[in-house]
Every structure is written in structure tokens, then in C-alpha cells.
Amino acid sequence: MALDNLEQLEARISQLLDRHERVKREKELAEKRLQQKESEWHQLKGQLRQYERERSEIREKLERILGHFERLDPP
């Protein structure tokens, strides 16, 4: 009887260890995906800042060009 109980306990511990390893691998994979997504987010954030700077520069140039036209005498 005691041997059966020990075998059952050993089987449950083995299952628990297997499950623990599986969860550990899943966690590591999730952390890796999170790092990749954070890296992508930082790259996109940098691109957005660049686009905003370019947009601002274009706006300033267009305002200067329009200013030149406003100084022209109407026909």
C-alpha cells in the first residue's frame, strides 16, 4: 500500500515538474515576444518623430513660399 502511494506521489511530482517546465518555456517565449514588440514600438515611435519633424519643415517651407506670393502685386 505504501509503495502504491509513493508511486502515485512520484507520478504527480513528475507531472508537476513537466507542467512547470512547459509554463517556464511559455513564459520565456512570451517575454521574448514582448521584447520584440517593445523594440518595434520604439522604432515606430522614432519614425513618427522623424515624420513629425519633416512635416513641420515642409509646413515652414510652404509658409515661406506662400509669403512670397502674398507680397506679389495682384494683376
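Let's start with one residue: Glu 54 is partly exposed, with a relative accessible area of 34%. Glu 54 sits in helix α1, which covers residues 2-71. Keep in mind that what you're looking at is a predicted model.

**The overall picture**

So how many helices and strands are there? The secondary structure of the protein amounts to one helix and zero strands. With a radius of gyration of 32 Å, the protein is well over the 11 Å that the globule rule gives for 75 residues, so it is more spread out than a compact globule. You can get a feel for that from the box filled by the C-alpha atoms, which is roughly 110 × 15 × 10 Å along the principal axes. For another feel of the distances, pick Ile 13 and Arg 71: these two are 58 residues apart along the chain, and their C-alpha atoms are separated by 86 Å. Ile 13 is itself part of helix α1, and at 41% relative accessibility it counts as partly exposed.

What share of the 75 residues is buried? Buried residues make up 0% of them. For a residue to count as buried, its relative accessible area has to be under 20%. The accessible surface of the whole protein comes to about 7,800 Å², and carbon and sulfur atoms account for 56% of that.

**Charges and salt bridges**

The protein carries 17 positive and 17 negative charges, and the mean positions of the two sets are 3 Å apart. How many salt bridges does the structure hold? It holds two, and here they are side by side:

| Salt bridge | Closest N and O atoms |
|---|---|
| Lys 27 and Glu 31 | 3.4 Å apart |
| Glu 40 and Lys 37 | 3.7 Å apart |

Take the Lys 27 pair to begin with. Lys 27 and Glu 31 both belong to helix α1, and they're four residues apart, about one turn of the helix. Glu 31 is partly exposed, at a relative accessible area of 37%.

Now for the other pair. Why are Glu 40 and Lys 37 separated by about one helical turn? Because they are three residues apart in helix α1. Is Lys 37 exposed or buried? Lys 37 counts as exposed, at 53% relative accessibility, while Glu 40, at 39%, counts as partly exposed.

**Patches on the surface**

Back to Glu 54, where we came in. Which residues form a negative surface patch? Glu 54 does so together with Glu 57, Glu 60 and Glu 63.

There's a nonpolar patch on the surface too, made of Ile 58, Leu 62, Ile 65, Leu 66, Phe 69 and Leu 72. Together, these six side-chain owners have about 620 Å² of accessible area. Leu 62 is one of them; this leucine lies in helix α1 and is partly exposed, with a relative accessible area of 47%.

**Putting it together**

In short, this predicted model has one helix and zero strands, with 0% of its residues buried. Along helix α1 you can find the pair Lys 27 and Glu 31 and the pair Glu 40 and Lys 37. If you'd like places to look on the surface, try the negative patch that includes Glu 54 and the nonpolar patch that includes Leu 62.

Note on methods. Residues are numbered from 1 along each chain as its sequence is written. This is a predicted model: local features need pLDDT of at least 70, side-chain atom pairs count only at pLDDT 80 or more; totals for chains, interfaces and linings use all residues. Side-chain values use heavy atoms; hydrogens and water are left out. Helices (H or I, at least four residues) and strands (E, at least two) are DSSP runs, numbered from the N terminus. The radius of gyration is taken over C-alpha atoms; the globule rule is 2.2 Å times the number of residues to the power 0.38. Buried means under 20% relative accessible area, exposed over 50%, partly exposed in between (1.4 Å probe, protein chains only). Accessible areas come from the Shrake-Rupley method with a 1.4 Å probe; for residues, only the protein chains shown count as cover. Lys and Arg count as positive and Asp and Glu as negative; His and the chain ends are not counted. The place of a charge is taken as NZ of Lys, CZ of Arg, CG of Asp or CD of Glu. Patches are made of residues with over 30% relative accessible area and no salt bridge: like charges are joined within 9 Å, nonpolar side chains (Val, Leu, Ile, Met, Phe, Trp, Tyr) within 5 Å. A salt bridge is a side-chain nitrogen of Lys or Arg within 4 Å of a carboxyl oxygen of Asp or Glu.
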